[in-house]
Amino acid sequence: MRKRKNKKGEPSFHGKPTLQKNFMKKEMLIQKLMALNTHLSQKALYKLEKLKEAKKTAAAKNQDKEKEKQERRAKKIEEARRIKIWEDKTLPTAKVIKIKDSTEHRERRVKIQGWVHHLRREGKKLLFIQLRDGTGYLQCVLTNLLSSTYEAITLTTESSVILFGKVMELPPGSHHKAPGDHELIVDYWELICGAPSGGTYYILDKKSNVDLQLDNRHIVIRGTNTSKNLKAASLVTQLIREHHLDRGYMEVHPPCIVQTKTEGGSSLFELQYYGKKAYLTQSSHLYLESVIAALGDVFSIQKSFRAEKSRTRRHLSEFTHIEAEFPFITFENLLEKIEDLVVSVCDRIKNPNNPLGQLVFEINPDFRTPRRPFKRMSYTEVIQYLKDNNFKKSDGTFYKLEDDISEGTERTMINKINEPILVCRFPAAIKPFYMKKCSDDPQLTESVDLLMPGVGENLGASMRIDNYDELIKAFIEKKIEPSTYYWYSDQRKFGSCAHGGYGLGLERFLIWILNLDHICDACLYPRILDRYKP
């Protein structure tokens with residue numbers, strides 16, 4: 001029914017009272033809703049004003065509390081400044097020791113210097129310091145005036161201190177624990193140098209991103225986990241050196257600035273050496289080869305450099321390279337020496353007489369010595385294995401002979417097999433010029449890569465070309481100028497012999513031993529793509 005309007009412009013319902021009634025009800029309902037909305041808005045505004053007022057009151061109270069707190073702290077600091085402590089000269093002279101020597105100096109007065117690793121206060125008269133000196137951790141207890149001085153109430157973590165006192169064993173059944181089951185009962189102490197409030201948290205916290213952590217690596221290494229990794233790296237390096245020395249190998253120190261390449265021109269770091277082109281060494285084995293006629297079996301532990309633009313968990317631009325070279329050996333002898341190196345170092349870690357060996361198990365409780373002989377596969381067998389197990393390249397095709405297996409595929413394969421593998425006889429086309437070719441197939445080389453679970457390739461090795469004419473031919477095939485390598489070629493003129501050697505990356509070895517997530521965790525100051533600080 002179309003509505004009509006009366007003279008006042010209002011709707012008119014001639015002859016339809018029900019419709020008129022319904023319309024009036026709707027009008028009243030709308031008015032009530034509008035009135036309710038107005039009421040609610042006023043009520044909401046009232047509550048909002050009360051909330052603002054409450055916040056202002058709370059803020060004012062907080063300011064008052066903070067002001068009172070600051071006044072109390074200022075008063076406490078002023079009182080603390082008046083407290084002075086002196087060393088009691090009637091006490092026995094303190095012997096300077098390291099924390100690692102604490103057990104043998106129990107109940108004797110000692111002097112220990114270090115950094116405040118953790119700090120805990122209980123009341124006004126008791127202060128616990130966990131001291132760190134690089135050799136271990138020691139709980140130290142300061143009481144009464146010792147914990148009430150200005151230096152004590154403002155002490156922060158990472159401050160350096162000198163503590164005097166007696167190392168006392170914790171009583172049997174003690175409800176609290178401490179490193180070494182003893183603590184230093186301090187009778188005098190001095191602050192050497194303070195640190196910002198918050199200690200390392202002044203710069204870093206658990207949420208800091210990787211780049212910030214790497215930028216502040218000098219602070220990160222003070223942490224418990226990172227310092228453990230560095231200690232383990234020191235231990236493994238020491239054991240690797242002991243292994244080589246115990247086998248009668250002589251250590252030498254080849255140069256890091258060189259004029260020749262060993263692994264390929266694309267991964268060279270070039271520099272100017274007094275106006276002449278030079279490079280940072282990719283490997284020292286060419287120089288080690290030159291030494292075997294003078295010293296016999298030799299090895300070196302030093303830095304190598306690779307300008308590989310790779311962003312993987314196992315690549316470094318600078319790494320610690322353990323290399324060795326042996327005269328008068330066969331390829332089978334070389335494989336045995338590689339196995340001997342790995343197993344010997346692992347056994348030395350587990351030696352109960354090695355005080356730091358337990359550190360490796362703290363980091364990686366699942367560490368085990370691999371069994372000899374290691375599994376062996378030829379490069380050709382690996383290619384077939386990848387095809388049989390549906391491993392493909394990034395373009396979706398299967399790997400074929402003379403393909404370089406990618407880092408990801410290699411690691412996935414070795415993790416699936418889950419034991420060390422010696423992959424042998426790589427094609428000459430994908431290997432450096434110096435590798436000796438197989439007598440039964442000159443397309444292949446007497447070469448080997450050691451693959452380890454969790455990391456992939458960890459060690460590379462080969463027999464070296466020992467014939468002068470064959471070496472010159474290899475130079476020409478790889479488009480290398482032979483004259484630059486005159487000193488290397490001469491080794492084939494003056495009493496050549498069958499010889500070979502290996503190169504082990506320490507940091508990758510540590511990834512496997514310690515079960516680390518990334519190679520940066522095995523370094524002091526990692527040098528990776530685009531990073532050279534601090």
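Helices here are DSSP runs of at least four residues, numbered from the N terminus. With that in hand, you can place Arg-73: this residue is found in helix α1. Keep in mind that you're looking at a predicted model. Here's a quick tour of its charges, its salt bridges, a few contacts and some backbone details.

**A positive patch on the surface**

- Lys-69, Arg-72, Arg-73, Lys-76, Arg-121, Lys-124 and Lys-125 gather on the surface, making a patch of positive charge.
- Helix α1, which covers residues 17-81, supplies the largest share of this patch, with four residues.
- Arg-73, one of the patch residues, has a relative accessibility of 42%. Buried means under 20% and exposed means over 50%, so Arg-73 counts as partly exposed.

**Salt bridges across the chain**

- Side chains of opposite charge can pair when their charged atoms come close.
- How many salt bridges does the structure hold? The count is 31.
- Take Asp-187 and Arg-109 as a starting example: their side chains meet in a salt bridge, at 2.9 Å from N to O. This pair links distant parts of the chain, with Asp-187 in strand β8 (residues 182-193) and Arg-109 in strand β4 (residues 109-121), 78 residues apart.
- Are these two partners buried or exposed, or something in between? Asp-187 is partly exposed, at 26% relative accessible area, while Arg-109 counts as buried at 8%.
- Next come Asp-215 and Arg-531, whose side chains also form a salt bridge, 2.9 Å from N to O. Here Asp-215 sits in helix α3 (residues 210-215) and Arg-531 in the segment after α13 (506-514), so you have to travel 316 residues along the chain to get from one to the other.
- Asp-215 is partly exposed at 27% relative accessibility, and Arg-531 is buried with 12%.
- Then there's Asp-530 with Arg-311: the closest N and O atoms in this salt bridge are 2.8 Å apart. Asp-530 lies in the segment after α13, and Arg-311 is in the loop between β13 (298-305) and β14 (318-327), so the pair ties together parts that are 219 residues apart in sequence.
- Both Asp-530 and Arg-311 are exposed.
- Some salt bridges share partners, and that joins Arg-247, Glu-332, Glu-339, Asp-340, Arg-372 and Arg-376 into one network.

**Residues and the company they keep**

- Ala-522 is found in the segment after α13. Its relative accessible area is 7%, and it counts as buried because buried means under 20%.
- What does Ala-522 touch, if you skip residues up to four places away in sequence? The contacts are Glu-507, Leu-510 and Leu-516.
- Ala-522 and Ile-511 are 11 residues apart along the chain, and their C-alpha atoms are separated by 6.8 Å.
- His-105 is found in the loop between β3 (95-96) and β4. At 5% relative accessibility, His-105 is buried as well.
- Not counting residues up to four places away, His-105 touches Lys-95, Ile-97, Val-110 and Val-167.
- Ile-221 lies in the loop between α4 (217-220) and α5 (224-246). Leaving aside neighbours within four places in sequence, the contacts of Ile-221 are Thr-226, Ser-227, Leu-230, Leu-524 and Tyr-525.
- Ile-221 and Cys-523 are 302 residues apart along the chain, yet their C-alpha atoms are separated by 10.0 Å.

**Backbone details to look for**

- Where is there a cis peptide bond? One runs from Arg-372 to Pro-373, with omega near -5 degrees. Pro-373 has its place in the loop between α8 (357-363) and β15 (375-378).
- Arg-372 also turns up in the salt-bridge network described above.
- Lys-533 and Pro-534 are joined by a cis peptide bond too, with omega about -5 degrees. Pro-534 lies in the segment after α13.
- Asn-418 has a phi near 60 degrees, which is a positive value in a residue other than glycine. Asn-418 is in the loop between α10 (407-417) and β16 (421-424), and it is exposed, with 54% relative accessible area.
- Arg-425 has a phi near 60 degrees as well, again a positive value in a residue other than glycine. Arg-425 lies in the loop between β16 and β17 (437-438) and is partly exposed at 27%.

Note on methods:
Residues are numbered from 1 along each chain as its sequence is written. This is a predicted model: local features need pLDDT of at least 70, side-chain atom pairs count only at pLDDT 80 or more; totals for chains, interfaces and linings use all residues. Side-chain values use heavy atoms; hydrogens and water are left out. Patches are made of residues with over 30% relative accessible area and no salt bridge: like charges are joined within 9 Å, nonpolar side chains (Val, Leu, Ile, Met, Phe, Trp, Tyr) within 5 Å. Accessible areas come from the Shrake-Rupley method with a 1.4 Å probe; for residues, only the protein chains shown count as cover. A salt bridge is a side-chain nitrogen of Lys or Arg within 4 Å of a carboxyl oxygen of Asp or Glu. Lys and Arg count as positive and Asp and Glu as negative; His and the chain ends are not counted. The place of a charge is taken as NZ of Lys, CZ of Arg, CG of Asp or CD of Glu. Helices (H or I, at least four residues) and strands (E, at least two) are DSSP runs, numbered from the N terminus. Buried means under 20% relative accessible area, exposed over 50%, partly exposed in between (1.4 Å probe, protein chains only). Contact means heavy atoms within 4.5 Å.
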